[in-house]
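User: Please examine closely how aromatic rings pair in this model. Kindly extend the account to helix geometry and to the setting of one acidic side chain.

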Amino acid sequence: MDNGLLIAGLIFALVMLVGFLAFNYSNLYKKKKGIRKRIRKETPEKDDSSSGDRKWKGFLLRSISRFGEVLGSKQEADVSQTRKKLVRAGYYGENGPVVLFGSKALAALLLLTLSFILKLTAFKALPAQHFLMLVIFSVAGGFYLPDLYVHRKTLARKRQIFEGFPDALDLMVVCVEAGMGLDAAIKRVGDEMALKNKVLSDEFRIMSLELRAGKARADALRNLASRTDLEDVSSLVTLLIQTDRFGTRVGQALRVHSDAMRTKRYQRAEEMAAKLPVKMVFPLIFFIFPSLFVTIIGPAVITIYRNLIAH
């Protein structure tokens with residue numbers, strides 16, 4: 001009798017436990033379902049065309065990578081130089097050199113195909129020597145077209161870093177003089193510059209991650225100078241390395257460097273303003289002076305023509 005009551009009590013406890021767990025799971029499931037509904041309401045629905053575009057871009061990228069693996073350079077020096085060039089343009093991907101080699105080969109092939117199509121359709125009477133020159137220029141243009149794109153991206157990125165670097169340096173001076181360490185100031189500057197200058201913010205964040213990963217501060221600073229390839233950044237890196245080596249005050253050194261950079265910016269602005277009169281000569285001669293001559297001398301020429309020549 002006691003064993004039967006014990007078994008019944010265990011079965012009842014087990015049923016109650018299962019029911020309790022099922023009830024809690026049901027409540028948790030309802031809460032998650034409500035959260036998902038709220039997220040769907042607040043988040044705009046993704047268009048199927050965007051997912052299709054991503055699939056198409058992924059397929060195109062894989063195809064270009066295969067071209068690069070087959071036709072690209074296998075020498076480590078060429079790959080390293082290409083990777084450095086892509087990093088300065090803002091492309092940090094591991095397969096960046098392969099994609100660049102594949103893009104050059106694919107562009108050359110496409111322009112070569114286009115030249116043959118033009119020969120068969122629009123330029124049927126084109127001499128063989130001229131067609132050979134068209135083929136050579138098409139292949140060379142397609143081969144160097146991705147390099148030109150990367151070069152333009154590098155120049156645009158350098159311009160953004162150059163324009164935002166004085167503000168970042170002033171912010172670093174404020175952080176250091178407020179009592180923050182240099183590593184913490186670098187991280188803070190990277191976070192604060194995200195809204196104003198995304199490119200410079202990414203560079204400071206990369207340097208902060210390198211410092212947190214255990215890389216020496218001098219090496220992280222040299223990597224920053226190598227990625228940006230700017231004289232102002234290189235001079236700041238040299239200053240910080242010397243300050244860290246000799247144990248001088250970082251805040252005072254940064255303030256002196258910030259004042260020097262501000263003076264340098266003023267001098268560059270004055271230099272650009274001084275060059276404007278020379279640059280305005282050609283627009284004045286070819287565009288403004290002819291209109292002035294027509295406006296001023298035109299009525300006199302018409303009057304002379306009517307009085308002397310027409311009669």
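Analyst: Rings of Phe, Tyr and Trp, the last by its six-membered ring, are taken as a pair if their centres lie within 6.5 Å; planes under 30 degrees apart are called stacked, those over 60 edge-to-face, and the rest tilted. The model is predicted, and a search of the whole structure yields 2 aromatic pairs. One of them joins phenylalanine 143 to tyrosine 144, with 5.3 Å from centre to centre and 90 degrees between the planes. Because edge-to-face requires an angle over 60 degrees, this pair is edge-to-face. Phenylalanine 143 is partly exposed, at a relative accessible area of 36%, while tyrosine 144 is exposed, at 53%.

Helix H4 covers residues 96-120, and its 25 residues should span 36 Å at 1.5 Å a residue. The end C-alpha atoms of H4 lie 36 Å apart, in agreement with that expectation. Buried residues in H4 include Val99, Leu100, Phe101, Leu106 and Ser115.

The acidic side chain is that of aspartate 232, located in helix H9 (residues 231-246). Its relative accessible area is 8%; since buried means under 20%, aspartate 232 is buried. The side chain of aspartate 232 makes a polar contact, at 3.5 Å, with the side chain of lysine 264. Neighbours within four places in sequence aside, aspartate 232 is in contact with Phe162, Phe165, His257, Met261, Lys264 and Arg268. Lysine 264 thus appears both as the polar partner of aspartate 232 and among its contacts.

Key. Residues numbered from 1 in each chain as written. Predicted model: local features only at pLDDT ≥ 70, side-chain atom pairs only at ≥ 80, totals over all residues. Heavy atoms only, no water. Buried < 20%, exposed > 50% of the residue type's maximum accessible area, 1.4 Å probe, protein only. Helix = DSSP H or I, 4+ residues; strand = E, 2+ residues; numbered from the N terminus. Expected span 1.5 Å × (residues − 1). Polar contact = N/O pair within 3.5 Å; in protein donor to acceptor, adjacent residues only side chain to side chain. Contact = heavy atoms within 4.5 Å.
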